[in-house]
Amino acid sequence: MESVELLLHPVRLRIVQAFLGDRTLTTSELNAELGDVPPGSLYRHVAKLVSAGVLDVVTERRVRGTVERTYRLRLSATQITPDQLDAMSPEDHRRAFMGFVAGLMADFDRYLDGGDIDYLRDGVGYRMAGLWLDDAEFADLVRDLGRVLAPRLANAPAPGRRRRILRTILVPDSPTPGGETASGPA
């Protein structure tokens, strides 16, 4: 199965997300986190991700006559290459974006349904901003964000740390109906 197709499945996307932040999980722990996914389906999707090299087995132990495996995400295996992106049709991109947004909505719903909501304490927010950037300024922004995020992405779980999911969406604005940009007609 091609990696794009493998990763676009909504359940597999949620499984991958559960492992973000260098987490290790057993299928039992994963099942507890994704309780709405039937166990049989969860095991099949985990098996596909292992077979594709997206999840690695890091330990195995015997539990009541069966083997319990602990998995870790191979983040490099989740990256879609520029060639793969180029080969995707507009419909493939719509499906991928829909999966991304559905995951975002599901995460926010779980937060709201969890009770004890405190947006300030939890750092929950959603914002939009319009930025006027030429291509070089945009490249600088992306590099700056990478420099800010890289050391934090390397943080390991520790007492007092809470895993937080950061999702970004960057979309160029459509030209105005007359083809105008900030500096006038295009």
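Strands, such as those on either side of the loop in the first view, are DSSP runs of at least two residues, numbered from the N terminus; the model shown in each view is a predicted one.

**View A. Arg 64 in the loop between strands S2 and S3.** Arg 64 is placed in the loop that follows strand S2 (55-63) and precedes strand S3 (66-73), and its phi is near 45 degrees, a positive value in a residue other than glycine. Most residues other than glycine have a negative phi. Because its relative accessible area is 81%, Arg 64 is classed as exposed.

**View B. The loop between helix H2 and strand S1, with Asp 22.** Just after H2, Gly 21 adopts a positive phi of about 90 degrees. Asp 22, in the loop between helix H2 (10-19) and strand S1 (24-26), has a phi near 60 degrees, which is likewise positive although the residue is not glycine. With a relative accessibility of 52%, Asp 22 counts as exposed, since the cut-off for that class is over 50%.

**View C. Helix H2 and its buried residues.** Of the 10 residues of H2, 8 are buried, so the helix is largely enclosed by the rest of the structure. The buried residues are Val 11, Arg 12, Arg 14, Ile 15, Val 16, Gln 17, Ala 18 and Phe 19.

**View D. The surroundings of Arg 14 in helix H2.** Arg 14 has a relative accessibility of 17% and therefore counts as buried, the cut-off being under 20%. When residues up to four places away in sequence are not counted, Arg 14 touches Leu 34, Asp 36, Val 37 and Arg 110.

Technical notes:
Residues are numbered from 1 along each chain as its sequence is written. This is a predicted model: local features need pLDDT of at least 70, side-chain atom pairs count only at pLDDT 80 or more; totals for chains, interfaces and linings use all residues. Side-chain values use heavy atoms; hydrogens and water are left out. Helices (H or I, at least four residues) and strands (E, at least two) are DSSP runs, numbered from the N terminus. Buried means under 20% relative accessible area, exposed over 50%, partly exposed in between (1.4 Å probe, protein chains only). Contact means heavy atoms within 4.5 Å.
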